[in-house]
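Biologist: Please take a close look at the side-chain pairings in this model, both charged and aromatic. I should like to know which residues take part and where they lie along the chain.

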Amino acid sequence: MVIRRSAVAACAALLLAGLSLPAQAQSPQGVSTPRGAHPAVQSKTSFSWRVRRTGSSEEFRGLAAVSRKVAWVSGEAGTVLRTTDGGATWKNVSPPTAAGHALRDIEAFNARHAVALGIGHFKHSGIWVTNDGGRTWDRTFTNRVHKAFFDCMAFSSDGTGLAMSDPVNHHFRLVITHNRGQTWSKLRVQRMPKALPVEFGFAASGTCIVAGPGHQFWMASGGNVPRVFHTFNAGKTWTVVKSGMRGGATAGIYSIAFHGAQHGVAVGGDFEHPTNRHAAAATSDDGGKVWTLSRHQVFGYRSGVAYVTAQDVVAVGPTGSDVSRNGGRTWTHFDDASLDGVECASDGACWGSGSNGLVTILKH
């Protein structure tokens with residue numbers, strides 16, 4: 001997100017520092033409830049996290065779930081790890097030229113091909129691609145615009161991808177690829193609504209933009225009035241609607257997910273107030289045209305959300321994990337461990353990632 005005025009500058013600094021909210025524990029079991037949370041709602045559901053130890057102490061905000069066997073994670077100091085055996089072992093496949101970069105997003109198509117996004121202002125924002133399982137990497141994009149700050153990226157099934165930056169000259173800045181990240185170019189947007197005076201994206205878990213069927217993408221914002229942008233044509237034209245979620249200098253939508261073209265869930269809140277549940281989750285059943293606040297909210301600030309099935313949704317954050325069995329309308333808390341990201345693969349496997357090298361897989 002962009003540094004603008006003092007409050008927003010502080011928010012951007014915290015993002016670059018890793019949104020350093022205190023982790024409550026490194027194991028998903030037996031974690032003490034944070035002060036101000038709601039222990040009475042601990043779930044009796046069958047959902048739980050199983051730790052997949054990485055041997056790393058890095059914070060992994062980037063997460064790509066390929067299958068139950070294959071997953072990639074990317075970290076705050078440029079580390080990339082890959083597993084091909086369900087997390088039993090991990091291989092360090094970090095891009096040498098990404099050392100020191102905060103790799104907040106990683107997208108993977110299989111065990112060999114992955115794309116990692118580094119965030120930050122000017123040349124700190126960059127994209128690296130591997131086609132051989134991380135043995136070699138190419139830096140295929142370097143941000144040359146001083147005011148740009150790239151937050152997240154997403155890919156459609158045919159390899160078309162968009163990477164999103166905070167607004168530059170009153171509009172969100174986007175770059176596009178048509179070949180799974182091998183080359184990128186500035187997107188020439190024909191019609192895109194202007195950004196609001198205090199509006200930006202959150203580089204929290206690489207999920208502030210998500211792809212859907214065809215060339216549909218949804219993009220979520222934070223700031224005074226959190227909104228959701230939508231395109232049918234890979235970013236040539238956009239519409240935007242208000243989400244109704246809580247806004248502020250460090251508040252808004254941190255993560256968005258869609259199941260098909262119609263059903264969406266957005267989560268967020270305010271990372272400076274991690275136990276505040278107010279207006280931190282919303283749903284849409286019409287492709288993002290209208291958003292409705294969840295009747296029973298997530299249990300604090302959440303930085304990641306993913307569909308497990310058409311109705312089961314999991315959200316994660318520093319005060320734990322919540323599950324919805326009805327598409328995000330109501331939420332139940334089921335675990336207290338601090339996680340940053342969650343992603344589910346096409347075979348139903350769901351992975352989580354967080355600080356101190358924590359990676360988990362969902363049992364359900």
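Modeller: A salt bridge is counted here when a side-chain nitrogen of Lys or Arg lies within 4 Å of a carboxyl oxygen of Asp or Glu. The model is predicted, so local features need pLDDT of at least 70 and side-chain atom pairs count only at pLDDT 80 or more, while totals for chains, interfaces and linings use all residues. Residues are numbered from 1 along each chain as its sequence is written, and side-chain values use heavy atoms, with hydrogens and water left out.

The whole structure contains 8 salt bridges under that rule. One of them joins the side chains of Asp132 and Arg135, with N and O 3.6 Å apart. Its two ends differ in setting, if buried means under 20% relative accessible area, exposed over 50% and partly exposed in between (1.4 Å probe, protein chains only). Asp132 has a relative accessible area of 15% and is therefore buried, whereas Arg135, at 69%, is exposed.

A second bridge brings Arg329 to Asp285, at 2.8 Å from N to O. Arg329 lies in the loop between β27 (320-324) and β28 (332-335) and Asp285 in the loop between β23 (281-284) and β24, so this bridge ties together parts that are 44 residues apart in sequence. The strands named here, like the helices, are DSSP runs numbered from the N terminus (strands E, at least two residues; helices H or I, at least four). Both ends of the bridge fall into the intermediate class of accessibility: Arg329 is partly exposed at 27%, and Asp285 is partly exposed at 39%.

Arg325 makes a salt bridge with Asp312, and their closest N and O atoms are 2.7 Å apart. This pair again links distant parts of the chain, 13 residues apart: Arg325 is in the loop between β27 and β28, and Asp312 is in the loop between β25 (304-307) and β26 (313-317). Arg325 is partly exposed, with a relative accessible area of 47%, but Asp312 is buried at 10%. Elsewhere, Glu59, Arg61 and Asp340 are linked in a network of salt bridges.

Strand β24, which bounds the loop holding Asp285, comprises residues 292-293 and includes Thr292. Thr292 is partly exposed, at 46% relative accessibility. Beyond its neighbours within four places in sequence, Thr292 is in contact (heavy atoms within 4.5 Å) with Ala282 and Thr283. The C-alpha atoms of Thr292 and Ala282 are 5.2 Å apart, although 10 residues separate the two in sequence.

I turn now to the aromatic rings. Rings of Phe, Tyr and Trp (its six-membered ring) pair if their centres lie within 6.5 Å; planes under 30 degrees apart count as stacked, over 60 as edge-to-face and the rest as tilted. That rule yields 15 aromatic pairs. Among them, Phe109 and Phe155 meet edge-to-face, with centres 5.2 Å apart and planes at 80°. The pair links distant parts of the chain, 46 residues apart, since Phe109 is in the loop between β6 (103-108) and β7 (114-118) and Phe155 is in strand β11 (residues 149-155). Phe109 is partly exposed at 24% relative accessibility, while Phe155 is buried at 12%.

The rings of Trp218 and Phe258 have centres 3.7 Å apart and planes at 10°, so they are stacked. Trp218 belongs to strand β17 (residues 217-220) and Phe258 to strand β21 (residues 251-259), so the pair ties together parts that are 40 residues apart in sequence. Both residues, Trp218 and Phe258, are buried. In addition, Phe200, Phe202, Tyr254, Phe271 and Tyr301 form one aromatic cluster.

Charged groups and rings also meet directly. A charge sits over a ring if NZ of Lys or CZ of Arg is within 6 Å of the ring centre and within 35 degrees of the ring normal. Arg180 lies over the face of Phe109, 4.4 Å from the ring centre. The charged end of Arg277 is placed over the ring of Phe299, at 3.8 Å from its centre.

These pairings belong to a protein chain with 1 helix and 31 strands. Of its 364 residues, 60% are buried. Among contacts between residues at least 6 apart in sequence, 53% join residues at least 24 apart.
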